[in-house]
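Please open the structure in your viewer and keep the selection tool at hand. We will go from stop to stop, choosing something to select and then looking at what is there.

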Amino acid sequence: MTEAITHLYTGRPVADTVGLWTAVLADATGLENTRMADATEGYTADRLDWINDWFIREATYAAALARIVRWQDQIPLVAQWGSGRTSSSDG
C-alpha cells in the first residue's frame, strides 16, 4: 500500500515508511504534526510536515485505499459475505 503514496513531483514511493505512517496517524487522529512529534521518538514536526507536504494528498490516499480494497477482495473468506456492492446501511 505504501507504494501508492508517492512524491508529488518524482512519483517515487516514500522511503521512510515509519515516518509516513506517523504522519498519516497524525492526520487521521487530528493530533497534528507538532503534537505527534512530541509523542514520538525520532521525528520532528518539520520532518512530518515535509512528509505531509510531499507525499500525503487526496490522490495518494485514494490510491492507497484502492490497493487495500483490491487486497481485501482477494481474501477467500470475503466471498462468504457477497459481492460487497451493498451493506446493511443501505436499508
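Start by selecting Thr6, which sits in the segment before H1. This is a predicted model, so keep that in mind at every stop. Is Thr6 buried or exposed? With a relative accessible area of 17%, Thr6 is buried, because that is under the 20% cut-off. Now show what surrounds Thr6: apart from neighbours within four places in sequence, the residues in contact with Thr6 are Gly11, Arg12, Pro13, Trp54, Phe55, Arg57 and Thr60.

Stay in the segment before H1 and select Glu3 together with Arg67. Their side chains form a salt bridge, 3.5 Å from N to O. Arg67 belongs to helix H4 and Glu3 to the segment before H1, so this pair ties together parts that lie 64 residues apart in sequence. Arg67 is partly exposed, at 36% relative accessibility, and Glu3 is partly exposed too, with a relative accessible area of 43%.

How many salt bridges does a search of the whole structure find? It finds two. For the other, select Arg47 and Asp16, whose side chains meet at 3.3 Å, N to O. Here Arg47 lies in helix H3 and Asp16 in the segment before H1, so the pair ties together parts that are 31 residues apart in sequence. Arg47 is partly exposed, with a relative accessible area of 32%, whereas Asp16 is buried at 18%.

Next, select residues 17-29, which make up helix H1. You can check the length of H1 with the distance tool: at 1.5 Å a residue, its 13 residues should span 18 Å, and the end C-alpha atoms are 18 Å apart, which agrees. Colour the buried residues of H1, namely Gly19, Leu20, Thr22, Ala23, Val24 and Ala26. What do they pack against? Their partners are helix H2 (32-39), helix H3 (45-55) and helix H4 (58-73). Just after H1 comes Gly30, and its phi is positive, near 75°.

Move on to H3 and select its buried residues: Ala45, Leu48, Ile51 and Phe55. Turn the view to look down the axis of H3, where these buried residues fall within an arc of 130°, so they line one face of the helix. There is a general reason behind such patterns: an α-helix has 3.6 residues a turn, so residues three or four places apart point the same way. The cover over the buried residues of H3 includes H1, H2 and H4. Rotate to the other side of H3 and you will find Asp46 and Asp53, which are exposed.

While you are here, select Trp50 and Phe55. How are their rings arranged? They form an edge-to-face aromatic pair, 5.7 Å centre to centre, with 65° between the planes. The structure has two aromatic pairs in total. Trp50 is partly exposed, at 35% relative accessibility, while Phe55 is buried, at 4%. You have met Phe55 before, among the contacts of Thr6.

For the last stop, colour the chain by pLDDT. The chain averages 89, and 92% of the residues score at least 70. Which elements have the lowest and highest mean pLDDT? H4 has the lowest mean, 89, and H3 the highest, 96.

How values were computed
Residues numbered from 1 in each chain as written. Predicted model: local features only at pLDDT ≥ 70, side-chain atom pairs only at ≥ 80, totals over all residues. Heavy atoms only, no water. Helix = DSSP H or I, 4+ residues; strand = E, 2+ residues; numbered from the N terminus. Expected span 1.5 Å × (residues − 1). Buried < 20%, exposed > 50% of the residue type's maximum accessible area, 1.4 Å probe, protein only. Contact = heavy atoms within 4.5 Å. Salt bridge = Lys/Arg side-chain N within 4 Å of Asp/Glu carboxyl O. pLDDT = per-residue confidence, 0-100. Phe/Tyr/Trp six-rings, centres within 6.5 Å; stacked < 30°, edge-to-face > 60°. Arc of directions from axis to C-beta.
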